[in-house]
Amino acid sequence: MTELVVDAHALRGQVRDKYREVAVAPDAVYHFHTGRPLAARLGYDPDVVAALPDRAVESFAGVGHPFALRRLQTGEYVVDVGSGAGFDSFIAASQVGAEGRVVGVDMTPEMLAKSRATATAIGCGQVDFVEGLAEALPVDDGWADVVISNGVLNLCADKRAAFDEIWRVLKPGGWLQFADIANDRPVPAEALRDIDLWTG
């Protein structure tokens, strides 16, 4: 069993609080970039982003572009871990088409409400947004052809559990396409235990 350096429940609470703010006040100033300017900075196809309504893009707060190295294939089943307001899930849906399925998993009620309302508004029936944690995905074993994630795994206290869940829901030979922040130097133990540094 992995010994966690921070309290996972407390960390989730801080992360949930921060992303609740991003959901309800997308135009506020944060210590990270958001919305359409961020999508452009990260290299998303401007035509695809332009086709999405503001509510699907304004709360986007990813750190990379999980589709940059491989476009999803028509008909694939996709899980978006930490789907937020749905930006990457809607991009995934546009790639997998009506034959595919996308399940966005998020723990923030305000993000889920926003993503579900957007899916209904744009008629994106192949996407479902469900409440859950990266460490306990509400998805059947071997369901997904692809798991995507964008800036979320870094915020999990128990990364081993999160990756175990990803392997569980992936089909044999499936793809993990994620973007996240990494550090190539050891992090001092006192910094690892400072929960404010995890969310800041």
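Is R168 buried, partly exposed or exposed? In this predicted model, R168 has a relative accessibility of 26% and therefore counts as partly exposed. The report starts from the salt bridge made by this residue, and then turns to the core, the strands and the surface.

**Salt bridges**

The structure holds 12 salt bridges. In one of them R168 is paired with E165, with 2.8 Å between the closest N and O atoms; both residues belong to helix α7, where they stand 3 residues apart, about one turn of the helix. Unlike R168, which is partly exposed, E165 counts as buried because its relative accessibility is 12%.

Helix α7, which spans residues 159–169, also contains R160 and D164, 4 residues apart and again about one turn of the helix. These two residues form a salt bridge in which the closest N and O atoms are 3.3 Å apart. At 54% relative accessibility R160 counts as exposed, while D164, at 37%, counts as partly exposed.

The pair formed by E58 and K114 has another setting, and its side chains meet with an N to O distance of 2.8 Å. Because E58 lies in the loop between α4 and β1 whereas K114 lies in helix α6, this salt bridge ties together parts that are 56 residues apart in sequence. E58 is partly exposed, with a relative accessible area of 28%, and K114 counts as buried at 8% relative accessibility. In addition, D17, R20 and E110 are linked in a network of salt bridges. As a general point, side chains of opposite charge can pair when their charged atoms come close.

The three pairs described individually are set out below.

| Salt bridge | Closest N to O distance |
|---|---|
| R168 and E165 | 2.8 Å |
| R160 and D164 | 3.3 Å |
| E58 and K114 | 2.8 Å |

**The nonpolar core and helix α5**

The largest nonpolar core has 25 residues, and among these Y44, V78 and F87 touch the most other members. Two or more residues are given to this core by each of the elements α2 (35–41), α4 (54–57), α5 (87–96), α6 (109–122), β3 (127–131) and β4 (144–150). The largest share, 6 residues, comes from α5.

Helix α5 is largely enclosed by the rest of the structure, because 9 of its 10 residues are buried. The buried residues include the aromatic side chains of F87 and F90 as well as D88, S89 and Q95. After the helix comes G97, whose phi is positive, near 75 degrees.

Helix α4 contains A56, which counts as buried because its relative accessibility is 1%. With residues up to four places away in sequence left out, A56 touches F87, F90 and T118. The C-alpha atoms of A56 and G86 are 6.3 Å apart in space, although the two residues are 30 residues apart in sequence.

**Strand β1 and the loop before it**

Strand β1, residues 77–81, is mostly covered, with 4 of its 5 residues buried. The strand runs parallel to β2, residues 101–106, and 5 bridges join the two; in one of these, Y77 has R101 of β2 as its bridge partner. V78, already named for its contacts within the core, touches L72, A92, V96, R101, V102, V103, W143, V146 and I148 when residues up to four places away in sequence are not counted.

G75 lies in the loop between α4 and β1 and counts as partly exposed, because its relative accessibility is 24%. Beyond residues up to four places away in sequence, G75 touches V96, E99, G100 and D145. Between G75 and L38, which are 37 residues apart in sequence, the C-alpha to C-alpha distance is 28 Å.

**A nonpolar patch at the surface**

On the surface, V5, V187 and L192 make a nonpolar patch of about 200 Å². V5 is found in the segment before α1, the helix of residues 8–24, and it counts as partly exposed because its relative accessibility is 41%.

Technical notes
Residues are numbered from 1 along each chain as its sequence is written. This is a predicted model: local features need pLDDT of at least 70, side-chain atom pairs count only at pLDDT 80 or more; totals for chains, interfaces and linings use all residues. Side-chain values use heavy atoms; hydrogens and water are left out. Patches are made of residues with over 30% relative accessible area and no salt bridge: like charges are joined within 9 Å, nonpolar side chains (Val, Leu, Ile, Met, Phe, Trp, Tyr) within 5 Å. Accessible areas come from the Shrake-Rupley method with a 1.4 Å probe; for residues, only the protein chains shown count as cover. A salt bridge is a side-chain nitrogen of Lys or Arg within 4 Å of a carboxyl oxygen of Asp or Glu. Buried means under 20% relative accessible area, exposed over 50%, partly exposed in between (1.4 Å probe, protein chains only). A nonpolar core is a set of buried Ala, Val, Leu, Ile, Met, Phe, Trp, Tyr and Cys residues joined through side-chain atoms within 4.5 Å. Contact means heavy atoms within 4.5 Å. Two strands pair if DSSP finds at least two bridges between them.
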